[in-house]
Structure formats: C-alpha cells, structure tokens
Amino acid sequence: MILGFDNSFHDSMDGFYAPAEATKPGAPKLLLFNHVLAERLGFEVAGSTDDELARTFSGEAIPDGAAPIALAYAGHQFGHFSAQLGDGRALLLGEIVAPDGARFDIQLKGSGPTAFSRNGDGKAAIGPVLREFLVSEAMAAMGVPTTRSLAAVATGDRVQRERAHPGAVLTRVASSHIRVGTFQFFAAHYGADHVVRLSDYSIARHFPDLVDAANPHLALLDRVIDLQCDLIARWLGVGFIHGVMNTDNVAISGETIDYGPCAFMDRFAVNTVFSSIDTGGRYAYGRQPQIMHWNMARFAEALLPAIHRVAPSDVDAAKALVDAIPAKFRRRWQAHVRQKLGLAEGAGDDAELIDSLFDELEKHGVDFTSFFRALAMLLRGEGATMQALLPAPDAMAPWIAAWWQRIEEGAQNPLELAEAMDRVNPLYIPRNHLVEAALEAAEAGDLAPWRELLDVVRDPFVARAGLERFAEPGPVDAAPYTTFCGT
Ligand code: AMP
Ligand code: MG
C-alpha cells in the first residue's frame, strides 16, 4: 500500500510534538473504508485486502513514510484553562498531498496511549467511532467544513468505560490538526518565538496568500475569525450542536473537529443541549455564536506575542477584529438564512423576518429540518407538507404571508427557487433516534442499519422514495436525548 507521506509538521516543527507509537490491536477487523475519500486523497488501495487495510488503519502495520507523532496542545474547557492537553488518544501518522495539491493529516484516533494521555487509556469504543464517522460524513455531504473519516477498524480488544465496549480506531483526515489550543499551549509555556513559528507554519500551510501581509499574524487572526463565523453559521443552519466548543476543539482551518457529544436538533428550541456534561448550557444551540466569539478572543490572546512583535500598534487592531465578531457573524448568519429561505440579497426588513422565524419555530415546536423543505413545497403549490408540520393549519400564517410577499418581490420562477432551496436545505440529517438505533445494532454486531443510515445521510438533499422515515423527527413523547463524551 503506497500512501505517499510528506510530513511537514514532523520535519519542520521539532519541539511541538512527541513521538508516538500505536498499541498493537488484538485482532483488527475492517468495519468500514471510505473508498471515495481514499481516491480523493490519491491513495492507491485498489489492490489491498480488507485485512491489509485493517492492519494499516488500526496501527498494527505502520505504513512506509509515516512518522507517528502526538501533538501538544492546551485549551479552555468549559471556560477553564487546562495548560496540558494534547493528543491523548490519537496519533498523527503523517501528512499526504492529494493529487490536487491539497495537504491532509492522516490521524489514528483510539490507537493507544501517548505522552499526553495522562490517566486515559488512549483508546476509543466502537460506538463513538462509528458516530464520528457517520456525523462527519453527513456534515461533509451537507457542505459543512469538517474533518473526514477514512476508515473504522474494530481492534478486537475491549475498552472499559462505565462498562466494557468493543474497541475501535477511527482514521481521521483533516486539513490539519492545529487548534486554537495549540497556540495557547505554546503561548503559555514557551512565549513569542514559538508562537511566531507556529503562526508562520500555519500561514504557509493553510493561508499562503497571507504570507506577504503587513502583519501576517494579524491577518491570520482575521482569516480564522472569518472561517469560524462561516462555520458556526453553517452549524446553526443545519441545527447542529457541537457540544464541546472548548478551544482545544477549534481547528484554525475552519473545519468542524472532535465529534463527541454532538447532535442535531429536531424541534426548534434555541436552548437545546444534548451533552450530559454541559449542565449549565454553555454550549447550547443558540449560544454557539457567542462561544465562538469567546474562543476567538482566546485565539487573539495567544497570537498577541507574534502580532506585537511585528507591530506593537497592531494589538489594538487585533482587539478591534475580535470586537467586530458579533456584527460580522450576524451578517453571515442572515445571508445564510436568506439562502435557506430563498430570499434574494439586500431587502431592508429581512432581519426582522429572520429573527421572528426562530421565535415562531420555537413557539410551535416545529421540526427545524423539515420546515425549510416544506417552504419549498409551498413554492411548488403543495401545502400539505407544511400543514402536517404545524400544530394547527394557520399556526404560522402571518409569518408565511410575510415570507411569501418577499418571495414575490424577488420575481424569480418559484419552481426554480424551490430547487435552489432544496439544494441548501438537507432533507436527511443524522436524526438522534436513528443514530441511536443504528449504533445499538452495531454494538450488538449488526452493522447493516448503520451502513444504511450512512448511505442516506451521504446524499442529504435529494428525496428518494422509500426513505420517508429517515426524514422524520423522533417521537414527540420520547425521553430527552442525552449524549456522552466518552470516546
Ligand atoms: P476531548 O474532550 O475529546 O476534546 O478531549 C480532551 C482531552 O482529553 C484531549 O487532550 C484528549 O486527548 C484527552 N482524552 C480524551 N479521552 C482520552 C482517552 N481515552 N485517553 C487519553 N486521553 C484522552
Ligand atoms: Mg478534543
């Protein structure tokens, strides 16, 4: 198997990581391999058997050219600074450059302890591995920037959590694993020289267009803020709740990373929280923009030594960039919702229409995902879908009338508009009740429901006959859904 590694972080960032070794799995067995992604990465795996893939993507056989390392990072967890985190249950096999020139990290998650494991076992249970695989693939299919999942391999070992679970390793593909927490680690422990090096490396790797900026570190801050505003707007747009928006879980590439207790909202409620440990609702659905702002303030702080070194007066510019986040996010979010609603740019009163939409959805307990598809059906002259969603036929009549008026002002062909809306509003998302049922079956040894769900969410925008149940929310009277971190 030729993967063609080119390990720039390992080769040029000595001092920013620790060498790592994978624990040999007892009996690796391939659960799933993402052939489409492998092809996109330029991997030559056509002649490989499942056993070979299982050995490579479980850490049993380290491929030629790999240089396994664990990255150091720190992070604010639920608002409190942890100075020493790092890859405790993951190792970076190395980097590859895809045929189109894009560079990717290939990481094994759950491959045993590293220098940063503290008291953890470095392992992952099969449930969270399959969950991350499914949700990250769904996010990618919905057009949300995200790390990807290349392989899931059962290790044949047991992993002890509140009870024993089958162990597994996930191969995660990311445009890098540099986090806000990576900057925080080197700012806290080493100071300006290290921050400058990390920033220079990040710019060269992710944003080469910023190399010649007057103050590249300030430009990096600006760019990462931009990407985060875009990312969180997209999360909100699909009803996604990350669940642990700690600064160590914020990738500077703008990709969604670290799928732990994340989940999607069915019926709209702005304070929705699924994570068992988020008792204060810090990372509730509607708080994600504020938390992103807070996280970017921490990123700015970590970058300040580098920004200051180039131009002391740019410290004020950095502060201004952070202060401008709420307004910037709001603009981005409104543009995104306008797209979901089929509204053309630039009418004065859209802000009110958009804000009142979320009040209405909450008041009537409307399924968030289905609502936007039902709106498009109205444009096709079909009102039954919307009626079925609402608690009473006229529940949202005034809002829908106001929306309709705006649509008519746009003078676009309604059928074309409906098509355009369907291209940005997913029909099939990883619904909580479906995910749970599929994972339960998988844990009992039957992967078929999980594979079926994966197939469904990989093609989220186009309605397919026979898949109606995948588009429906869970039962109204179901117990509150709770997710757990315990990978
Ligand atoms: P997370 O909550 O997944 O973002 O992880 C936070 C920190 O805990 C990271 O430094 C992880 O590497 C570490 N960690 C989480 N689970 C384990 C584990 N099972 N073994 C070792 N370290 C872990
Ligand atoms: Mg993490």
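Buried means under 20% relative accessible area, exposed over 50%, and partly exposed in between, with a 1.4 Å probe and protein chains only. By that definition both N249 and D258 are buried. The model is predicted, local features need pLDDT of at least 70, side-chain atom pairs count only at pLDDT 80 or more, and totals for chains, interfaces and linings use all residues. Residues are numbered from 1 along each chain as its sequence is written, chains are lettered from A and ligands numbered from 1 in the order in which they are written, and side-chain values use heavy atoms, leaving out hydrogens and water.

N249 and D258 are the protein donors of the magnesium ion (ligand 2), through OD1 and OD respectively, at 1.9 to 2.1 Å. Donors are N, O and S atoms within 2.8 Å of the metal (3.2 Å for Na, K and Ca); water is not among the atoms, so sites may look incomplete.

Around ligand 1 there are 17 residues, and G86, G88, R89, G122 and N249 are the closest. A residue counts as near if one of its heavy atoms lies within 4 Å. Three polar contacts (pairs of N or O atoms within 3.5 Å) are tabulated.

| Protein atom | Ligand 1 atom | Distance |
|---|---|---|
| R118, polar side-chain atom | oxygen | 3.2 Å |
| G122, polar backbone atom | nitrogen | 2.8 Å |
| N249, polar side-chain atom | oxygen | 2.9 Å |

Taken alone, ligand 1 exposes 490 Å², of which the protein buries 82%; these areas come from the Shrake-Rupley method with a 1.4 Å probe. At least three residues of the shell come from each of domain 1 (8-174) and domain 2 (180-333), with bounds from an automatic or database domain assignment.

Terms used. Polar contact = N/O pair within 3.5 Å; in protein donor to acceptor, adjacent residues only side chain to side chain.
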